[in-house]
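Q: I should like to learn how the features of a protein model are read, one at a time. Could the explanation begin with the elements of secondary structure?

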Amino acid sequence: MVLLDNSSFIIRLEKFANAAKKDSSFSVTFKRYNGHDKPKPREGRPALPEPETYMCLMRAQTKSKKISTIVRQEDVPKMMNMYAQFMKSNMDGLKRVKKVKSKAKAAKG
């Protein structure tokens, strides 16, 4: 998995979206991240210290590629604005779902 800075992550995510328009898909996940890269210690050993501030780990993956970035607490509004802009610009390929009217609704209305 490649760890990128926030702006590079969005740029690479746009490349994932453009490649996925043709024939595949990609997924993005968000997770709370405390900065620990090591597993929890066994019983009897001192616990890992609690972080002062939590961060957000964003991951994106296609079939064969994975990227990630760590968003610090002070960078969250800026990153969410960039992510929202990305979503608005790349959600043009969605197909409209036709709603099916049930007989009960048709009789009422």
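A: Helices, of at least four residues, and strands, of at least two, are DSSP runs numbered from the N terminus. The model shown here is predicted. In it, Met87 lies in helix 2, which covers residues 76-90. Met80 is found in helix 2 as well.

Q: How confident is the predictor, on average, in the protein chain, and where is confidence lowest and highest?

A: The chain has an average pLDDT of 87, and 93% of the residues score at least 70. Confidence is lowest in helix 3 (residues 103-108), where the mean is 66. Strand 4 has the highest value, at 95.

Q: Is Met87 buried, partly exposed or exposed?

A: Buried means under 20% relative accessible area and exposed means over 50%, with partly exposed in between. Met87 has a relative accessible area of 27%, so this residue is partly exposed. Met80 also counts as partly exposed, because its relative accessibility is 32%.

Q: Which class do Lys99 and Arg45 fall into, and where do they lie?

A: Lys99 lies in the loop between helix 2 and helix 3. Its relative accessibility is 80%, and therefore Lys99 counts as exposed. Arg45 belongs to the loop between strand 2 and strand 3. With a relative accessible area of 61%, Arg45 is exposed.

Q: How is separation along the chain to be set beside separation in space?

A: One takes two residues and reads both values, the spatial one from C-alpha to C-alpha. Met87 and Ser24 are 63 residues apart along the chain, and their C-alpha atoms are separated by 17 Å. For Met80 and Leu3, 77 residues apart along the chain, the C-alpha separation is 18 Å. Arg45 and Ser24 are 21 residues apart in sequence, yet they stand 46 Å apart in space, C-alpha to C-alpha. Lys99 and Met1, 98 residues apart in sequence, have C-alpha atoms 40 Å apart.

Q: What holds the strands of a sheet together, and in what order do the strands lie here?

A: Strands of a sheet pair through backbone hydrogen bonds, in either a parallel or an antiparallel sense. In this model, four strands form an open sheet in the order 1-4-3-2, with mixed pairing. Strand 1 (2-4) and strand 2 are the edge strands, each pairing on one side only. From one strand to the next, the twist averages 25°.

Q: Which pairs of strands are parallel and which are antiparallel?

A: Strand 1 and strand 4 pair in the parallel sense over three bridges. Within that pairing, Val2 has Ile67 of strand 4 as its bridge partner. Strand 2 (residues 27-33) and strand 3 are antiparallel, with seven bridges. There, Tyr33 has Met55 of strand 3 as its bridge partner. Strand 3 and strand 4 (residues 66-71) also run antiparallel, joined by six bridges.

Q: How many residues connect strand 3 and strand 4, and which residues face each other across this pair?

A: Strand 3 and strand 4 form a hairpin, with four residues between them. Gln61 stands opposite Lys66 in strand 4. Further along this pair, Arg59 has Ser68 of strand 4 as its bridge partner.

Q: Is strand 3 mostly covered or mostly open?

A: Strand 3 (residues 55-61) is mostly covered, with five of its seven residues buried.

Q: How is empty space at the protein found, and what is the volume of the second largest pocket?

A: Rolling a probe the size of a water molecule over the atoms shows where empty space is left. The second largest pocket has a volume of about 200 Å³.

Q: Which residues line the second largest pocket, and how do they divide by class?

A: The lining consists of Arg32, Asn34, His36, Lys38, Pro39, Lys40, Pro41, Leu48, Glu50 and Tyr54. By class, four of the lining residues are nonpolar, two are polar and four are charged.

Terms used: Residues numbered from 1 in each chain as written. Predicted model: local features only at pLDDT ≥ 70, side-chain atom pairs only at ≥ 80, totals over all residues. Heavy atoms only, no water. Buried < 20%, exposed > 50% of the residue type's maximum accessible area, 1.4 Å probe, protein only. 1 Å grid on protein atoms, 1.4 Å probe; cavity = no way out; pocket = protein on both sides within 12 Å on 5 of 7 lines; lining within 4 Å. Points joined across faces, edges and corners; volume = space filled by probe spheres on them. Nonpolar A, V, L, I, M, F, W, Y, C, P; charged D, E, K, R; others polar. Pairing = 2+ DSSP bridges. pLDDT = per-residue confidence, 0-100. Axes fitted to C-alpha atoms, helices over the stretch in contact; angles between N-to-C directions.
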